[in-house]
Amino acid sequence: MPSERRSVMPYSPKKPCRYPGCPRLTHNTYCDVHAKQVSSHYNRYQRPKRSRPRYHRGWPKIRQRYLLHHPFCEMCLSQGRYTQATEVHHVLPLEHGGTNEFKNLMALCKPCHSRITAQMDDRWHKKPRRYHY
């Protein structure tokens with residue numbers, strides 16, 4: 001009986017960390033040492049000030065707990081596909097009076113979350129676009 005060979009996709013080659021002067025190689029944008037530092041800098045200096053109180057220290061725990069209870073993308077699941085959820089979406093955005101309660105959250109994969117955000121056009125706080133085909 002011939003042995004079955006599974007074809008495994010190779011990883012892409014590591015690239016240098018984008019932090020200035022860092023010689024480490026990584027699969028991500030920044031190495032593990034600088035990723036936390038860059039994230040902290042973004043939260044302190046670049047994240048809009050009005051979003052800081054909404055995404056408080058407890059948000060990562062709420063997000064993680066929700067993803068543990070809902071491991072699959074809810075949009076894909078409604079279409080019969082099983083896709084791992086990586087994002088947590090607020091059905092009613094926090095700035096419009098939504099909360100972090102489970103009934104207001106939705107587990108989504110990255111493509112579904114990006115599509116919903118673009119359709120709502122909420123990230124740039126503009127009116128939703130109307131597309132005509």
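## Exercises on a predicted protein chain

The protein chain exposes about 11300 Å², of which carbon and sulfur atoms supply 54%, with areas taken from the Shrake-Rupley method with a 1.4 Å probe, where for residues only the protein chains shown count as cover. This is a predicted model, in which local features need pLDDT of at least 70 and side-chain atom pairs count only at pLDDT 80 or more, while totals for chains, interfaces and linings use all residues. Residues are numbered from 1 along each chain as its sequence is written, and side-chain values use heavy atoms, with hydrogens and water left out.

**Exercise 1. Work out in which order the helices and strands follow one another from the N terminus.**

Begin with the inventory: the protein chain has four helices and four strands, these being DSSP runs (helices H or I, at least four residues; strands E, at least two) numbered from the N terminus. Read in that direction, the elements run β-β-α-α-α-β-β-α.

**Exercise 2. Find the buried residues of α2 and state what they pack against.**

First fix the term: buried means under 20% relative accessible area, exposed over 50%, and partly exposed in between (1.4 Å probe, protein chains only). By this criterion the buried residues of α2 are Trp59, Ile62, Tyr66 and Leu67. They cover an arc of only 130° around the axis, which puts them on the same side of α2; the arc is that of the directions from the helix axis to the C-beta atoms. An α-helix has 3.6 residues a turn, so residues three or four places apart point the same way. On the other side of α2, Lys61 and Leu68 are exposed. The buried residues of α2 pack against α3, β3 and β4.

**Exercise 3. Carry out the analysis for helix α4, residues 110–120.**

The buried residues here are Cys112, His113, Ile116 and Thr117. Seen down the axis of α4, these residues fall within an arc of 130°, so they line one face of the helix. Pro111 and Gln119 are exposed on the face of α4 turned away from its buried side. As for partners, the buried residues of α4 pack against α3, β3 (87–90) and β4 (105–108).

**Exercise 4. Decide how many disulfides the structure holds, and examine Cys22 and Cys76.**

A disulfide is counted when a pair of cysteine sulfur atoms lies within 2.5 Å, and the structure holds zero of them. For Cys22, the closest cysteine sulfur is that of Cys31, at 3.8 Å, which is too far for a bond. Cys76 is likewise in no disulfide, the nearest cysteine sulfur, that of Cys73, being 3.7 Å away. Both residues are buried, Cys22 with a relative accessible area of 10% and Cys76 with one of 3%.

**Exercise 5. Locate the salt bridge and describe the exposure of its two partners.**

The criterion is a side-chain nitrogen of Lys or Arg within 4 Å of a carboxyl oxygen of Asp or Glu, and a search of the whole structure finds one such bridge. The side chains that meet are those of Lys103 and Glu101 (3.6 Å, N to O). Lys103 counts as exposed at 73% relative accessibility, whereas Glu101, with a relative accessible area of 40%, is partly exposed.

Terms used:
Contact means heavy atoms within 4.5 Å.
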